[in-house]
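Good morning, and thank you for coming. Please take a moment to look at the sequence and the structure as they appear.

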Amino acid sequence: MYTQQDKKAKFISLEGTDGSGKSSLRRYITSSFWDADVKALSTGPHSFLLPKHSEIIVDVREGRLHSKEQITESYALDKKEHQDRTIVPSIEKNQWIIADRSLVSDIVYHEVVFGIDPFVTYDMQRKLGVKMSDIIVFLDTPPDIAFQRINERQTDGFKFWETKETLKRLYDSYNQVLFSGRFPDVPEVKVIDNSGSEKETKRQVDQFIKELI
């Protein structure tokens with residue numbers, strides 16, 4: 001049986017478009033780790049510890065646009081704060097991090113939603129010392145299925161980027177970033193076919209966890 005001391009904890013990020021079920025699976029994976037007596041911390045993509053930059057992040061998510069330079073800077077500084085305050089201390093305590101999104105999602109969403117060159121986002125965050133996660137779990141969700149799931153779950157309106165066309169562009173961008181080789185430090189990517197039932201997705205996730213711990 002795996003014990004907490006047998007392996008060094010790692011930073012796992014879940015990546016994929018809206019409608020992929022990342023938040024639900026993040027909670028499921030974290031719970032599965034604890035059930036296996038492995039310490040894990042579930043976290044979102046932001047620290048929200050820097051008031052000025054937190055305000056800009058909230059603004060752009062709600063459609064109140066700032067300059068590309070402000071968006072790039074605010075997300076990068078927030079990511080660095082999140083890394084330094086939450087991710088690194090957790091790993092140092094041998095507690096795994098299960099995160100909803102990481103640097104990869106910033107590259108993808110900033111390009112598609114805000115028109116920011118992917119290497120501008122990448123270079124700014126890497127210059128500050130923001131690192132890729134150790135393992136990426138890509139929830140491979142076809143855009144039409146993602147859009148259908150967004151429709152089914154919505155109770156208070158859509159985010160402005162949750163359209164069929166934008167979801168397709170986001171999906172294509174994820175595939176470029178993760179699999180084209182343009183970003184040489186992209187880590188191991190575990191692809192989960194998320195086109196079927198929730199039960200089938202969880203079966204694949206369970207197998208991934210079994211192999212990992």
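I shall speak about the sheet, then two helices, then a few unusual backbone angles, and finally the salt bridges.

Please keep in mind from the start that this is a predicted model.

Let us begin with the sheet. It is an open sheet of five strands, in the order β2-β3-β1-β4-β5, and the pairing is parallel. Which strands lie at the edges? They are β2, residues 40–43, and β5, residues 188–193, each of which pairs on one side only. From one strand to the next, the twist averages 20°.

Now consider the strand β3, residues 96–100, and its partners. With β1, residues 11–15, strand β3 runs parallel and is joined by four bridges. Within this pairing, F11 stands opposite I97, and I12 has I98 as its bridge partner. With β2, strand β3 also runs parallel, and four bridges again join the two. Here A40 stands opposite W96.

Is β3 covered or open to the outside? The strand is mostly covered, with five of its five residues buried. Both of its faces are covered: on one side W96, I98 and D100 are buried, and on the other side I97 and A99 are buried.

A helix also packs on this sheet. Helix α7, residues 164–179, lies across β1, β4 and β5. Its direction makes an angle of about 150° with β4, which comprises residues 135–140.

I turn next to helix α3, residues 68–92. How far apart are its end C-alpha atoms? They are 34 Å apart, and this agrees with the 36 Å that its 25 residues should span at 1.5 Å a residue. The helix nevertheless has a kink of about 40°, centred on Q83.

One residue of α3 deserves a closer look, namely S90. S90 counts as buried because its relative accessibility is 2%, where buried means under 20%. What does S90 touch, leaving aside its neighbours within four places in sequence? S90 is in contact with L41, Q95, W96 and I97. Two of these names are already familiar to us, as W96 and I97 are among the buried residues of β3.

We come now to backbone angles. Most residues other than glycine have a negative phi. Against that background, three residues are worth pointing out.

The one just after α3 is N94, with a positive phi of about 60°. Another is D37, whose phi is near 65°, although the residue is not glycine. D37 is placed in the loop between α1, residues 22–35, and β2. The last is R101, with a positive phi near 80°. R101 lies in the loop between β3 and α4, the latter being residues 103–114.

Are D37 and R101 buried or exposed? D37 counts as exposed, at 60% relative accessibility. R101, by contrast, is buried, with a relative accessible area of 16%.

Finally, the salt bridges. How many are there in the whole structure? A search finds 12. I shall describe some of them.

Two of them belong to helix α8, residues 198–212. In one, K202 pairs with E198, and the closest N and O atoms are 3.2 Å apart. These two residues are four apart in α8, about one turn of the helix. K202 is partly exposed, at 26% relative accessibility, while E198 is exposed, at 56%.

In the other, the side chains of R203 and E200 meet, with 2.9 Å from N to O. Why can we say that about one helical turn separates R203 and E200? We can say so because they are three residues apart in helix α8. R203 is partly exposed, at 48% relative accessibility, and E200 is also partly exposed, at 31%.

A further salt bridge joins K159 and E162, whose closest N and O atoms are 3.7 Å apart. Here the two ends have contrasting surroundings: K159 is partly exposed, at 29% relative accessibility, whereas E162 is buried, with a relative accessible area of 3%.

There is also a network: D59, E62 and R64 are linked by salt bridges.

To close, I would ask you to return to β3 in the predicted model, a strand with both faces covered and with parallel partners in β1 and β2. Thank you for your attention.

Note on methods. Residues are numbered from 1 along each chain as its sequence is written. This is a predicted model: local features need pLDDT of at least 70, side-chain atom pairs count only at pLDDT 80 or more; totals for chains, interfaces and linings use all residues. Side-chain values use heavy atoms; hydrogens and water are left out. A salt bridge is a side-chain nitrogen of Lys or Arg within 4 Å of a carboxyl oxygen of Asp or Glu. Buried means under 20% relative accessible area, exposed over 50%, partly exposed in between (1.4 Å probe, protein chains only). The expected span of a helix is 1.5 Å times one less than its number of residues. The bend at a residue is the angle between axes fitted to the seven residues ending there and the seven starting there. Two strands pair if DSSP finds at least two bridges between them. Axes are lines fitted to C-alpha atoms, for helices over the stretch in contact, and angles run from 0 to 180 degrees between N-to-C directions. Contact means heavy atoms within 4.5 Å.
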